[in-house]
Amino acid sequence: MKKILLAGGFALVGTQAAYAVDMPAGEWTVSVGGIVNAYYTAVNCSDGVVGGTALAGRALGCGGQSSRTTIGNGLLPDGLITSVKSKQGEYDVAGTIGIMAHTATDSAIAANSGVDVRQAFFSFGNANLGTLKLGRDYGIFGSGAILGDMTLLGAGAPVQATQRGRVTLGHIGAGYSYLGTYGQIAYSSPTSTGFKVDAALVSPVSADAAGAGAGSTPQVQAQLSYGQNGLKTWFGTKTQKFNTSALAGEYRMSGFEIGGSYTAGALGLLANVQTGKGLGILSEGDQGDIRTTGYLLQATYKTSDKLKLGASYGMSRNKEDTTGLRSNSNITLGSYYALTKSVTLVGELGQTRSKAVNGTSARMNGVSLGGILFF
């Protein structure tokens with residue numbers, strides 16, 4: 001079995017090994033693995049009042065207070081991932097179910113019963129024809145940015161309003177849009193001289209925060225990628241129609257991105273740019289028909305086989321003025337120490353800033369300390 005990072009339901013090849021248990025069951029191989037993590041985060045927020053989805057404001061960044069502490073998940077939730085695979089005739093057949101849960105709540109006595117099934121899909125194909133996937137899984141658009149983000153193993157922006165009952169944000173809303181989980185029918189082509197095509201028809205979603213409903217036709221996502229000799233590049237797009245709402249009216253979300261990463265020995269570099277209308281901050285369309293441009297820049301360096309240091313900066317900037325929010329940005333300095341082949345200890349320092357169209361700004365300073373286990 002390939003080494004897979006069971007990262008909150010992401011099936012990532014080659015980012016970090018997860019040592020899942022493989023069990024033969026007739027003509028099937030059943031694999032069980034998962035992820036558990038927890039981070040102590042402490043933040044303090046300035047008094048600046050910024051409209052819209054201001055990640056650094058008191059309401060979101062500090063959970064309605066001037067400062068706050070949480071012990072909860074980082075960018076990834078806890079997860080149990082079960083997968084099966086089999087060779088049947090000409091086809092490789094596989095299936096995956098990923099069940100996620102969160103660590104932190106605001107109650108000492110209420111049941112922590114929030115379960116998030118991010119993956120439930122099956123696939124079939126072969127090396128010549130490619131692979132067809134049907135079911136619920138992560139999207140294609142934005143995968144290069146978030147899966148290459150060093151804070152995937154940590155917290156990134158430790159936004160308290162999302163960490164309590166879910167996860168922190170990494171650079172979501174401050175560098176790139178969320179990857180999203182959808183019902184979908186997706187196709188992945190065979191890799192040819194380093195090139196690969198991924199495309200999906202996605203069940204359309206509603207822009208809940210903006211009050212816009214899902215359109216009558218599927219969302220479409222696609223990506224062309226290339227990888228060879230330490231270099232990875234990608235170009236992606238997605239589009240969906242949203243129905244009439246009081247805030248946004250009828251509009252079409254459309255997004256484009258281009259990015260790449262390069263690894264040379266101990267050095268790792270990543271850059272990604274997204275732009276489009278309706279991409280939102282925390283979810284698609286949550287700002288209505290606003291054009292947003294997001295970019296992420298990152299550099300990491302392995303000082304030894306166990307220790308990696310890194311710095312990442314991201315910003316999501318709105319062009320229009322309708323929500324009052326001009327931009328969210330986050331800078332994170334991180335240290336990632338591989339205590340064992342399964343346990344990584346993490347320390348991060350960061351600052352998140354939100355700016356309003358009238359020039360007002362809010363600032364959240366944060367620290368995250370903890371660790372993550374893959375099994």
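T332 is a buried residue, because its relative accessibility is just 1%. That makes it a handy place to start a walk through this structure, which is a predicted model.

## Starting at T332

Where does T332 sit? Its place is in strand β18, which covers residues 325–338. The side chain of T332 has a partner: a polar contact of 2.8 Å joins it to the side chain of N330.

T332 also has plenty of company from other parts of the chain. Leaving out residues up to four places away in sequence, T332 touches M150, T151, G156, G310, A311, S312, E348, L349 and G350.

## G175 and its surroundings

Next stop: G175, in the loop between α3 (160–163) and β10. Is G175 buried or exposed? G175 counts as buried, because its relative accessibility is 0%.

Follow the chain from G175 to S329 and you cover 154 residues, yet the C-alpha atoms of these two are separated by 6.9 Å. And which residues does G175 touch? Again without counting residues up to four places away in sequence, the list is G294, Y295, L296, G314, M315 and S316.

## A closed space inside

How do you look for gaps in a protein? Rolling a probe the size of a water molecule over the atoms shows where empty space is left. A search of the whole structure for cavities of 30 Å³ or more finds one, and its volume is about 60 Å³.

You have already met one of the residues around this cavity. G175 helps line the cavity, together with Y176, S177, Q274, L279, G280, T292, T293, G294 and S316. G294 and S316 are also among the residues that G175 touches. Strand β16 (residues 291–302) gives the largest share of the lining, three residues. What classes do the lining residues fall into? Two are nonpolar, eight are polar and none is charged.

## An open space

Pockets are the open counterpart of cavities. The second largest pocket here has a volume of about 510 Å³. Its lining is made of 27 residues, and the ones nearest its centre are R166, Y178, G180, L282 and S283.

Two strands to look for are β8 (115–126) and β10 (181–188), since each supplies at least two residues of this pocket's lining. By class, the pocket lining has 13 nonpolar, eight polar and six charged residues.

While you are looking at β8, find Q119, which lies in that strand. Q119 counts as buried because its relative accessibility is 2%. Its side chain makes a polar contact of 3.0 Å with the side chain of D137.

## One disulfide

How many disulfides does a search of the whole structure find? The search finds one. C45 is joined to C62, with an S to S distance of 2.1 Å. The angle about the S-S bond is 95 degrees, and the link is right-handed.

C45 belongs to strand β4 (residues 28–45), while C62 is in the loop between α1 (58–61) and β5 (67–72), so the bond ties together parts that are 17 residues apart in sequence. Both ends are tucked away from the surface: C45 is buried at 7% relative accessible area, and C62 is buried at 0% relative accessibility.

## Two residues with a positive phi

Now for a bit of backbone geometry. Most residues other than glycine have a negative phi. T193 goes the other way, with a positive phi of about 50 degrees even though it is not a glycine. N229, another residue other than glycine, has a positive phi near 55 degrees.

Here are the two side by side:

| Residue | Phi | Loop | Relative accessibility |
|---|---|---|---|
| T193 | about 50 degrees | between β10 and β11 (195–202) | 63% |
| N229 | near 55 degrees | between β12 (219–228) and β13 (231–242) | 71% |

Why does T193 count as exposed? Exposed means over 50% relative accessible area, and T193 counts as exposed because its value is 63%. N229 is exposed too, because its relative accessibility is 71%. Set these against T332, buried at 1%, and you have examples from both ends of the scale to find in the model.

Conventions:
Residues are numbered from 1 along each chain as its sequence is written. This is a predicted model: local features need pLDDT of at least 70, side-chain atom pairs count only at pLDDT 80 or more; totals for chains, interfaces and linings use all residues. Side-chain values use heavy atoms; hydrogens and water are left out. On a 1 Å grid over the protein atoms alone, a cavity is a set of points where a 1.4 Å probe fits but cannot get out, and a pocket is an open set with protein on both sides within 12 Å along at least five of seven lines; lining residues have an atom within 4 Å of a point. Grid points are joined across faces, edges and corners, and a volume is the space filled by probe spheres set on the points. Helices (H or I, at least four residues) and strands (E, at least two) are DSSP runs, numbered from the N terminus. Ala, Val, Leu, Ile, Met, Phe, Trp, Tyr, Cys and Pro count as nonpolar, Asp, Glu, Lys and Arg as charged, and the others, Gly among them, as polar. Buried means under 20% relative accessible area, exposed over 50%, partly exposed in between (1.4 Å probe, protein chains only). Contact means heavy atoms within 4.5 Å. A polar contact is a pair of N or O atoms within 3.5 Å; within protein, one must be able to donate a hydrogen and the other to accept it, and residues adjacent in sequence count only if both atoms are side-chain atoms. A disulfide is a pair of cysteine sulfur atoms within 2.5 Å.
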